[in-house]
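Visitor: Hey, I've got a structure to look at for class. Can you walk me through it?
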Amino acid sequence: MSRSQANAVKPTRIPHGRFCGLRMGGGARADQITDILFPYIKENVKEYLQTHWEEEECQQDVNLLRKQAEEDSHLDGAVPIPAASGNGADDLHQMIQAVVDNVCWQMSLDRKTVALKQLQGHMWRAAFTAGRMKGEVFEDVVPAVRKWREAGMKVYVYSSGSVEAQKLIFGHSTEGDILELIDGHFDTKIGYKVESESYRKIADSIGCSTNNILFLTDVTLEASAAEEADVHVAVVVRPGNAGLTDDEKTYYSLITSFSELYLPSST
């Protein structure tokens with residue numbers, strides 16, 4: 001029986017292995033990282049630096065960025081960050097503006113330097129903790145995940161967003177703190193999501209065969225990579241996610257809500 005024929009005659013079921021992997025786009029708004037978190041940095045980095053400049057953590061972030069700027073001095077458009085010269089308010093203003101310009105330059109190149117990620121993480125933590133931001137989680141997610149866990153399943157998140165960002169989003173979500181529902185987090189440190197080897201590494205990490213994992217994603221390139229690793233896949237169709245071709249709609253198991261997934265004990 002072909003894959004498309006199989007989809008036509010049976011519902012999407014969670015495999016008996018009792019492990020489920022979620023891409024953020026399956027359970028939370030897929031665009032939160034690119035359309036909300038990153039723009040927040042650019043729009044608020046100056047205010048953040050002005051507010052937290054005297055704090056040790058902020059100074060550590062600035063020093064790390066300064067060292068990175070020195071390493072980047074040979075690159076076109078690189079923005080240096082001067083050390084303090086003792087000229088009071090004008091000196092402070094120039095340093096803060098240099099950090100702002102450096103951060104925006106790095107982000108314009110989509111760089112992933114440790115220095116940049118560290119500052120971003122601290123800014124996001126401050127914003128989520130203060131209630132200025134919340135992770136948007138679809139309403140069907142929490143009830144479904146609770147049922148899965150009651151049935152003995154484990155749930156993991158695999159996202160291109162850092163583990164730290166994932167924890168902030170799910171720890172300060174529109175459904176409250178739901179980190180207790182997640183057994184572990186993976187990001188691209190374990191591998192890119194369009195590479196099948198990444199899914200094998202995750203399976204090894206959680207002590208499970210790939211055939212006993214269901215991966216929920218809204219990106220078919222990721223779905224294809226997961227299938228190559230013998231992982232079960234369901235493509236989640238959510239508002240705001242990329243559209244699917246007719247062939248993709250025919251080939252993949254599609255769901256629009258986590259409530260459409262059947263537990264292994266279902267008849």
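Guide: Sure, but one term before we start: a crossover is called right-handed if, with the strands pointing away from you, the path from the first strand over the helix to the second runs clockwise. Keep in mind too that this is a predicted model.

Visitor: Okay, so which elements make a right-handed β-α-β unit with α10?
Guide: Those are β4 and β5, so the unit reads β4, α10, β5. The two strands pair in the parallel sense, over 4 bridges.

Visitor: Who stands opposite Phe-215 in β5?
Guide: That's Val-233.

Visitor: Is β4 mostly covered or mostly open?
Guide: Mostly covered: β4 runs over residues 213-217, and 5 of its 5 residues are buried. Its side chains go two ways, with Ile-213, Phe-215 and Thr-217 pointing one way and Leu-214 and Leu-216 the other way.

Visitor: And the loop after α10, what's in there?
Guide: One residue to look at is Asp-230, in the loop between α10 and β5. Asp-230 has a positive phi of about 70 degrees although it is not a glycine.

Visitor: Where else does a residue other than glycine have a positive phi?
Guide: Asp-110 is one of them, with phi near 55 degrees. You'll find Asp-110 in the loop between α5 and α6.

Visitor: Are those two buried or exposed?
Guide: Asp-110 has 52% relative accessibility, so it counts as exposed. Asp-230 comes in at 44%, so it counts as partly exposed. The cut-off for exposed is over 50%.

Visitor: Switching topic: what does β2 do with α8 and β3?
Guide: Together, β2, α8 and β3 make a right-handed β-α-β unit. Strands β2 and β3 pair in the parallel sense over 3 bridges. One bridge links Tyr-158 to its partner Phe-186 in β3.

Visitor: How covered are the pieces of that unit?
Guide: Strand β2, residues 154-158, is mostly covered, with 4 of its 5 residues buried. Helix α8, residues 163-171, is mostly covered as well, with 7 of its 9 residues buried. Among the buried ones in α8 are Val-163, Leu-168, Ile-169 and Phe-170.

Visitor: You mentioned Tyr-158. How many aromatic pairs are there in the structure?
Guide: There are 7 aromatic pairs. In one of them, the rings of Tyr-158 and Tyr-199 have their centres 5.5 Å apart and their planes at 80 degrees, so that pair is edge-to-face.

Visitor: What does that pair tie together?
Guide: Tyr-158 lies in strand β2 and Tyr-199 in helix α9, so the pair ties together parts that are 41 residues apart in sequence. Both Tyr-158 and Tyr-199 are buried.

Visitor: Which residues form an aromatic cluster with Tyr-158?
Guide: Tyr-199 and Phe-215 do; the three form one aromatic cluster. That's the Phe-215 in β4 we talked about.

Visitor: What lies over the face of the Tyr-158 ring?
Guide: Lys-193 does, at 5.6 Å from the ring centre. Lys-193 is in the loop between β3 and α9, and it is buried, with a relative accessible area of 6%.

Visitor: Which residues does the UniProt "binding site" annotation cover?
Guide: Ser-159, Ser-160 and Lys-193, according to the UniProt record, which is an unreviewed entry. They span 35 residues in sequence, yet no two of their C-alpha atoms are more than 7.8 Å apart, so they gather at one spot.

Visitor: Where's Ser-159, and is it buried or exposed?
Guide: Ser-159 sits in the loop between β2 and α8. With a relative accessible area of 4%, Ser-159 is buried.

Visitor: New topic: how many disulfides does the structure hold?
Guide: It holds 0 disulfides. As for cysteines, Cys-58 is buried at 1% relative accessibility, while Cys-104 is partly exposed at 26%.

Visitor: Last one: where is Ala-126?
Guide: In helix α6, which covers residues 114-129. Ala-126 has 30% relative accessibility, so it counts as partly exposed.

Visitor: How far is its C-alpha atom from that of Tyr-48?
Guide: The C-alpha atoms of Ala-126 and Tyr-48 are separated by 9.1 Å, and the two residues are 78 residues apart along the chain.

Note on methods: Residues numbered from 1 in each chain as written. Heavy atoms only, no water. Disulfide = S-S within 2.5 Å. Buried < 20%, exposed > 50% of the residue type's maximum accessible area, 1.4 Å probe, protein only. Pairing = 2+ DSSP bridges. Phe/Tyr/Trp six-rings, centres within 6.5 Å; stacked < 30°, edge-to-face > 60°. Lys NZ or Arg CZ within 6 Å of the ring centre and 35° of its normal. UniProt positions renumbered as here; feature names shortened; annotations may be inferred.
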